[in-house]
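Student: I should like to work through this structure by asking, for each label, what justifies it. May we begin with the surface and then turn inward?

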Amino acid sequence: AAMILCGDLNSHPLTAPVHLLKQGQVPSTHSDWELGLRFRWSRETTEEGEEGGEASLEDVAVAEEEEAETGQEDPAKRAAEERELQAGEVGKEGAAHGEGASGTSGADWETAMGPEDLSEGPGVNVSIAPLELQCVYEAVGESLPFTNYVNGFNATLDWIFTDKRNTKVLGVLGVVEESQILPGLPSATYGSDHLSIAALLELKDKQSPIM
């Protein structure tokens, strides 16, 4: 089968998802693993506003100050404390059975993943082999500097990947120059905050189904 994967992945070229699709693997030492360990949802990092997302440690500290002043307990603080308590109970139960918080023992992980997946990095080694994908723009020697350009931020977040063994890239939609979209998107010419990308493909095996 010929695989075509496309869409707004919300991932720039240096992130682990794009590395996985381009290189076929992500090492356990990739910087995104470390970033994931430090990441916490907070009121500032959610798109839903102050009511969305989970309270961070900073949120709890602010809530404690407000509680001291008003004498009323903040719901965000109470929810955060309940999550900490639940996480602690899960950890204790797992430890009693020689397990992690997920309920999976270390031996089970090693059996399921294989010793090659375990390493000294903060994450695990991930592979999509034997699948071999290619970025359609790079396949024809084109550089895609950005697909999103808003509020001083610009990056390539939209992608088209195809199975290089079963598809041939004949051409791609032209790249938009930065001077054409300043001061940013959307604009009168480009109605979205993301630019369109497209490719003309040829199936090497005309009878091959498309996924």
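Student: What is the accessible surface of the protein, and what share belongs to carbon and sulfur atoms?

Tutor: In this predicted model, the accessible surface comes to about 13,800 Å², and carbon and sulfur atoms hold 52% of that area. Of the 211 residues, 29% count as buried. The secondary structure consists of six helices and nine strands.

Student: Why is Ser196 called exposed?

Tutor: The label exposed requires a relative accessible area over 50%. Ser196 has 61%, so Ser196 counts as exposed. Ser196 is located in the loop between strand E8 (167–172) and strand E9 (199–203). The C-alpha atoms of Ser196 and Leu173 are 8.1 Å apart in space, with these positions 23 residues apart in sequence numbering.

Student: Why does Gln134 count as buried?

Tutor: Buried means under 20% relative accessible area. The value for Gln134 is 17%, and therefore Gln134 is buried. Gln134 belongs to strand E4 (residues 133–135). Beyond its neighbours within four places in sequence, Gln134 is in contact with Ala139, Ile160, Phe161, Thr162, Lys164, Thr167 and Val169. One of these residues, Thr162 in E7, stands opposite Gln134.

Student: What joins E4 to strand E7?

Tutor: Two strands pair if there are at least two bridges between them. E4 and strand E7 (residues 158–163) are joined by three bridges and run antiparallel, so the criterion for a pair is met. The two strands belong to an open sheet of three strands, in the order E1-E7-E4, with antiparallel pairing.

Student: What makes E1 and E4 the edges of the sheet?

Tutor: Strand E1 (4–8) and E4 each have a single partner strand, so one side of each has no neighbour in the sheet. From one strand to the next, the twist averages 20 degrees.

Student: Which helix packs on the sheet, and which strands does that helix touch?

Tutor: Helix H1 (residues 16–23) packs there, touching E1, E4 and E7, and its direction makes about 25 degrees with that of E7. The buried residues of H1 are Ala16, Val18, Leu20 and Leu21. Their cover includes E1, strand E2 (25–26), helix H2 (31–38), strand E3 (126–127), E4 and E7. After H1 comes Gly24, with a positive phi near 85 degrees.

Student: How many aromatic pairs does the structure hold, and what makes the pair of Phe39 and Trp41 edge-to-face?

Tutor: The structure holds three aromatic pairs. In the pair of Phe39 and Trp41, the centres are 5.2 Å apart and the planes are at 80 degrees. A pair requires centres within 6.5 Å, and edge-to-face requires planes over 60 degrees apart, so both conditions are satisfied. Phe39, at 41% relative accessibility, counts as partly exposed, and so does Trp41, at 44%.

Student: Why is the pair of Trp159 and Phe161 called stacked?

Tutor: Stacked applies to planes under 30 degrees apart. The planes of Trp159 and Phe161 are at 20 degrees and the ring centres 5.7 Å apart, so this pair is stacked. Both Trp159 and Phe161 are buried.

Student: Which residues make up the largest nonpolar core?

Tutor: The core has 12 residues in all: Val18, Leu21, Leu133, Cys135, Val136, Tyr137, Leu144, Trp159, Ile160, Phe161, Val169 and Ile197. H1, E4, helix H6 (136–139) and E7 each give two or more residues to this core. E7 gives the most, with three residues. In soluble globular proteins, nonpolar side chains tend to be buried together. A second, separate core has seven residues, including Tyr149, Val176, Ile181 and Leu195.

Student: How do you know that Leu144 is buried, and what is its relative accessible area?

Tutor: The cut-off for buried is under 20%. Leu144 has a relative accessible area of 17%, and therefore counts as buried. Leu144 lies in the loop between H6 and strand E5 (148–150). Apart from neighbours within four places in sequence, Leu144 is in contact with Tyr137, Thr156, Asp158, Val175 and Ile197. The C-alpha atoms of Leu144 and Ile197 are separated by 9.4 Å, although these residues are 53 residues apart along the chain.

Definitions and conventions: Residues numbered from 1 in each chain as written. Predicted model: local features only at pLDDT ≥ 70, side-chain atom pairs only at ≥ 80, totals over all residues. Heavy atoms only, no water. Helix = DSSP H or I, 4+ residues; strand = E, 2+ residues; numbered from the N terminus. Buried < 20%, exposed > 50% of the residue type's maximum accessible area, 1.4 Å probe, protein only. Areas by Shrake-Rupley, 256 points an atom, 1.4 Å probe, with all protein chains shown as cover. Contact = heavy atoms within 4.5 Å. Phe/Tyr/Trp six-rings, centres within 6.5 Å; stacked < 30°, edge-to-face > 60°. Axes fitted to C-alpha atoms, helices over the stretch in contact; angles between N-to-C directions. Core = buried A, V, L, I, M, F, W, Y, C linked by side-chain atoms within 4.5 Å.
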